[in-house]
Amino acid sequence: MAQQVQGVIAPGKNEPVRVETIVIPDPGPGEAVVKIQACGVCHTDLHYKQGGINDDFPFLLGHEAAGIVESVGDGVTDVEPGDFVILNWRAVCGQCRACLRGRPWYCFNTHNAQQKMTLLDGTELSPALGIGAFAEKTLVAAGQCTKVDPEASPAVAGLLGCGVMAGIGAAINTGGVGRGDSVAVIGCGGVGDAAVVGARLAGAAKIIAVDIDDRKLDTAKKMGATHTVNSRSTDPVEAIRSLTGGNGADVVIEAVGRPETYKQAFYARDLAGTVVLVGVPTPEMQLELPLLDVFGRGGSLKSSWYGDCLPSRDFPMLIDLHQQGRIDLGAFVTETIGLGDIEQAFTRMHEGDVLRSVVVF
């Protein structure tokens, strides 16, 4: 029987978000209803609100979430009611060409729930990244539920559902950071700081954090950066080269998503080094580089989508490391808020005042 819950929607482009009553259908085959315990406020939610993803308004926002499985539909065997799960937006299919080649983190046919959540008047909602977790409950594909240690804090665990996983994965999975490597991270918001954590976890010897905000650089240092560069007053390419014996970093992670910072990353890497783009650009952005430089410098230019993660592998592992005290995922939680505080949280995010605001239920 369908349920009515409270959730936050973006009604139109750049309109303020608002709390509405949401209708959640019973789970169909392959689906699950999850009672949300916590959900982070991510830049991607702001992109949806601003119309930067698509124009399928109204959106049910929220996707960086953890909660308890309440009910499942026919054919669901991997999770059951009562399981503590992190929601993911890449529920691998197991059958596409990427999955069959043993590269499920590139899955081209990820699953979402087939049924629609609606407003009371029947208006269909578009759930952000197929999740829609700024709500007391949400309907997802069962494959979007990843079981983890139930002793973990929901406010912490949910952050692996997007930003923190994107950053850690950009360093470990995409960038292949190894022991003794030098790493530069350009852009020290939540994703960039997570890349710092990932580089430290992988054993990088030198981690250079670059940003234009000294507050963010201070936070990056607490997360494990060995050096910081304020690129408002210092040429970051020259600074990174100076800190790496004149060579450039082995891996440069660009966590801003702008052409000018990508060029900085490109020229700040060592010969045959790796550039990882994890910052999300907007559709109109264009990049121009001399093709001879692309050829002559060698190495790899990669993009990192969701940190090239495999949720079933990476989420439990990272939660276990957090529970053991080997990484501090709780350091990313700046504040906890209620459903009615999300519009203000977007403002604080835009102004750089928080790493993560987390809605708790």
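Colleague: Leaving aside its neighbours within four places in sequence, which residues is Leu87 in contact with?

Modeller: In this predicted model, Leu87 touches Val34, Ile36, His63, Ala65, Ile131, Thr138, Val140, Gln144, Cys145, Gly161, Tyr306 and Phe315, once neighbours within four places in sequence are left aside. Leu87 is also, together with Phe134, Ile253 and Ile342, among the residues with the most contacts inside the largest nonpolar core, which has 86 residues. A second, separate core of 16 residues includes Ala184, Ile186, Phe266 and Val275.

Colleague: What makes α4 oblique to α5?

Modeller: Helix α4 (residues 163-174) and helix α5 (residues 190-202) pack at an angle of about 45 degrees, with their axes 7 Å apart. Angles under 35 degrees would count as roughly parallel and those from 65 to 115 as roughly perpendicular, and the angle of about 45 degrees belongs to neither range, so α4 is called oblique to α5. The crossing of α4 past α5 is right-handed, and the residues that meet include Gly163, Ala166 and Gly167 in α4 and Ala194, Ala195 and Gly198 in α5.

Colleague: How do you know that β1 and β4 pair, and in which sense?

Modeller: Pairing requires at least two bridges, and strand β1 (residues 3-10) and strand β4 (residues 59-60) have two bridges in the antiparallel sense, so the two strands count as paired. Ile9 has Leu60 in β4 as its bridge partner.

Colleague: Why are β7 and β8 called edge strands?

Modeller: The open sheet of five strands runs in the order β7-β2-β1-β4-β8, with mixed pairing, and β7 (118-119) and β8 (126-127) each pair on one side only.

Key:
Residues numbered from 1 in each chain as written. Predicted model: local features only at pLDDT ≥ 70, side-chain atom pairs only at ≥ 80, totals over all residues. Heavy atoms only, no water. Core = buried A, V, L, I, M, F, W, Y, C linked by side-chain atoms within 4.5 Å. Buried < 20%, exposed > 50% of the residue type's maximum accessible area, 1.4 Å probe, protein only. Contact = heavy atoms within 4.5 Å. Helix = DSSP H or I, 4+ residues; strand = E, 2+ residues; numbered from the N terminus. Axes fitted to C-alpha atoms, helices over the stretch in contact; angles between N-to-C directions. Parallel < 35°, antiparallel > 145°, perpendicular 65-115°, else oblique. Left-handed = near helix turned anticlockwise from the far one by under 90°.
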